[in-house]
Amino acid sequence: MKKLIITVCLCLPVYLSAQLVVETPLSARLTGYDINAVLDPVSHIVRGDMTAWWVNSSEKPVPDAMMHMYLNAFSSNMSSFTKGGRWSPAGDEGWGWVKIRSIYDAKGNDLSGSMNFQSPDDSNTNDRTVLQILLPEPVLPGDTLRLSIDFESKLPSPIVRTGYEDDFHFVAQWFPKFGVYETAGMRQREADGWNCHQFHPNSEFYSNHSVYNVSVTMPEEFVAGSGGMLIEEISLGDSLKKIVWRAEDIVDFAWTAWPEYKSLTRKWRDVDITLLTTEVGLKKAENQFEAVIYALEYLDERVGPYPWPHLTFVDPPISGSGAGGMEYTTLFTSAGGGVVPSFLKMAEMVTIHEFGHAYFMGILASNEFEEPWIDEGINSYWEQRIVDHYYGNGYGLIRLPFIKMSDADQGRLGYISSPSRSISTNDLPSWLYPHGTYGMMSYNKAAAWLHTLEGLIGTETMDNLFREYYRRWAFRHPSGRDFISVVNDVVRKEHGDRFGENMDWFFDQVLYGNDICDYRVAGVTSHKIKSYSGIVDGDSVTYTRSDRTSDTLYISRVSIERLGGVSLPVEVLIGFDDGKELLERWEGKESYKDYEYTGTTRVIWAKLDPDDKIDIDVDRINNSWSSTQKFHASRRMTGKFVFLVQLMISMFTL
């Protein structure tokens, strides 16, 4: 009976708010926000009053509330975000902050005296990005906490994810927002409690799927867009207007306003797509729409349906490039659409990547603070598949007469070329990756071992496991262990025990271990089999000769070595001098393997992993051997050139 009462109480917020965006709720909707805000484009301050609600879905009373105060990351040079020297304000006006002017609960209790800042990640007392609110009474199971908050948010400059530059405003992480209250068992958690991390340079999101009703007053000349569906735009007189948006079942709400935006629209099925771009960006607008539609149809078919009837994406001006390459579910930003040359599909790649977060950060709302690979790595893997599928027949990123490069290869290079690729596992919280390895590990390495998993189990099985992952975990906050459980179930169903009892052996090495994968062909030898000659009886010598012509026999040996600690099954393609080929499969568990062949033909070449299934192999140059020609030097030069191109790409992207 108690559980029934709790279930009814949990549903009340859903029934009390009309469905305007989706036909039925997609999530449990444990949090919601009604925000009325005013943008002052001169002071770059957003003043707002907000009603925020949170439902206690646990079976225990909760005595406090935890809220993110992201903009305080920009309030001093001693916050956890800024103390590493990665951001400094553009003069005295560049600092950013968020302040709560007043806060009351539903009974009218003033809670301003019960607020205190916490620093759960690093104990930095100068960091003010996590707020604890002690409540006069615990929130009982099934009850709803409602807070009325007046707040003031000063945007920072220069822009890092959020902020302003002149009259360009990108307003993200801008209001006090609840953390996620996790119950025991959720994401393998042992006990109930708030999950509310500080704002770090290398972490972004973990939030409940929420309902947002947001209205923003701004000057009439500003063109605006957001992660919500436009409900109405009201002229207020005095050169002001109010824009009203509603969003349902998204994890964050961001918006942007700039007088110079050019607004274009397209439609894919029932999804209305809006692009906000610059005058320069207009010439590449169709490329941008094409990229979004490619991503929509590819992920819809292979992962799951895109559930919202709208999305907005932004190609910001160069002055606002710090807002580029960011994701807020139904609002995301691209980069460089109007200035990047056509042979380089970097802008399209960024567009596809940031849209993909609607799935792996938005729908499958994992904890990017604690497990960044499960969003960034998975999303990079799908971005690379999409880019290489639609652009250039497998070489989607660069198409020049003298060089072609796939998006997957540029991602892989970020991993294999890093001298720090083995100093940590792939399973650290985002703020603990050492020596600048966060991006390489969370994006590049994770995508590489996901491509490797696809190579081992096949593309069809890979697609099926992501469909199952979506089916089980959409709008439910999966963990890395939950993802692995899906992999094990689908692989076992489709391949039996071909890969063992489960795939834990794979993840123990590539995710939870720090060894590298490196196989090489150590050499190929071929010798004629000579006629017998030697002592026969011990007291006499017998010489036996047989001059062979057409039936000369050879013994050939192919020597394979495993140089790295990671052990994966690998294929070996053997080539003979009569043109025949033989494909062998080695489980790769020993440190070396020799293949011997006796016959009238000789082995003249060998190639490990001929279809490049083992994407995580750090050195493919040593994967082949030929008795005729060697291309090692030219391949090394090509690799250096591609690395320089990758460096150029990184200069344009976040």
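## Exercises on a predicted model

Asp 49 stands opposite Asp 150 in S7. The model in which these residues are placed is a predicted one, and the exercises below work through its sheet, cores, rings and backbone.

**Exercise 1. Identify the strand that pairs with strand S7 (residues 144–154), and state the sense of the pairing.**

Begin with the partner: strand S7 pairs with strand S2, which covers residues 45–55, and the two run in the antiparallel sense over 11 bridges. Next, place this pair in its sheet, which is open, has 7 strands in the order S4-S7-S2-S1-S13-S16-S15, and shows mixed pairing. The ends of that order are strand S4 (97–105) and strand S15 (229–237), and because each has a single partner strand, one side of each is left without a neighbour in the sheet. As a last step, consider the twist: with direction ignored, neighbouring strands of this sheet are turned by 15° against each other on average.

**Exercise 2. Describe the largest nonpolar core, and work out which residues have the most contacts inside it.**

The largest nonpolar core has 162 residues, and those with the most contacts inside it are Trp 174, Trp 255, Phe 466 and Phe 483. The largest share of this core comes from helix H6 (residues 438–457), which contributes 11 residues. Taking Phe 483 as the example, and leaving aside its neighbours within four places in sequence, one finds contacts with Trp 373, Ile 374, Ile 378, Leu 450, Leu 465, Phe 466, Tyr 469 and Phe 507. A second core, separate from this one, has 17 residues, among them Phe 170, Ala 172, Ala 254 and Ala 323.

**Exercise 3. Follow Ala 323: is this residue buried or exposed?**

Locate the residue before judging it: Ala 323 lies in the loop between S20 and S21. Its relative accessibility is 0%, and Ala 323 therefore counts as buried. Beyond its neighbours within four places in sequence, Ala 323 is in contact with Ile 159, Arg 161, Phe 168, Phe 170 and Thr 333. The C-alpha atoms of Ala 323 and Val 171 are separated by 9.3 Å, although the two residues are 152 places apart along the chain.

**Exercise 4. Classify the aromatic pairs Phe 81 with Phe 199 and Phe 205 with Tyr 328.**

A pair of aromatic rings is described by the distance of the centres and the angle of the planes. The whole structure holds 54 aromatic pairs. For Phe 81 and Phe 199 the centres are 5.2 Å apart and the planes make an angle of 35°, and the pair is tilted. Phe 81 lies in the loop between strand S3 (62–68) and S4, whereas Phe 199 lies in the loop between strand S12 (193–195) and strand S13 (210–219), so the pair ties together parts that are 118 residues apart in sequence. Phe 81 is buried at a relative accessible area of 4%, and Phe 199 is buried at 1%.

Turning to the second pair, the ring centres of Phe 205 and Tyr 328 are 5.5 Å apart with the planes at 90°, so this pair is edge-to-face. It also links distant parts of the chain, since Phe 205 is in the loop between S12 and S13 and Tyr 328 is in strand S21 (residues 327–328), 123 residues away. Both Phe 205 and Tyr 328 are buried.

**Exercise 5. Find the rings over which the charged ends of Arg 302 and Arg 602 sit.**

The charged end of Arg 302 is placed over the ring of Tyr 298, at 3.7 Å from the ring centre. For Arg 602, the ring is that of Tyr 554, and the charged end sits 5.7 Å from its centre.

**Exercise 6. Examine the backbone at Pro 158, Arg 269 and Asp 612.**

Most residues other than glycine have a negative phi, and most peptide bonds are trans. The peptide bond from Ser 157 to Pro 158, however, is cis, with omega near 5°, and Pro 158 lies in the loop between S7 and strand S8 (163–165). Arg 269, which is not a glycine, has a positive phi of about 50°; its place is the loop between strand S18 (262–268) and strand S19 (271–277), and at 56% relative accessibility Arg 269 counts as exposed. Asp 612 likewise has a positive phi, near 55°, and lies in the loop between strand S32 (603–608) and strand S33 (624–626), where its relative accessible area of 39% makes it partly exposed.

Conventions: Residues numbered from 1 in each chain as written. Predicted model: local features only at pLDDT ≥ 70, side-chain atom pairs only at ≥ 80, totals over all residues. Heavy atoms only, no water. Core = buried A, V, L, I, M, F, W, Y, C linked by side-chain atoms within 4.5 Å. Buried < 20%, exposed > 50% of the residue type's maximum accessible area, 1.4 Å probe, protein only. Helix = DSSP H or I, 4+ residues; strand = E, 2+ residues; numbered from the N terminus. Contact = heavy atoms within 4.5 Å. Pairing = 2+ DSSP bridges. Axes fitted to C-alpha atoms, helices over the stretch in contact; angles between N-to-C directions. Phe/Tyr/Trp six-rings, centres within 6.5 Å; stacked < 30°, edge-to-face > 60°. Lys NZ or Arg CZ within 6 Å of the ring centre and 35° of its normal.
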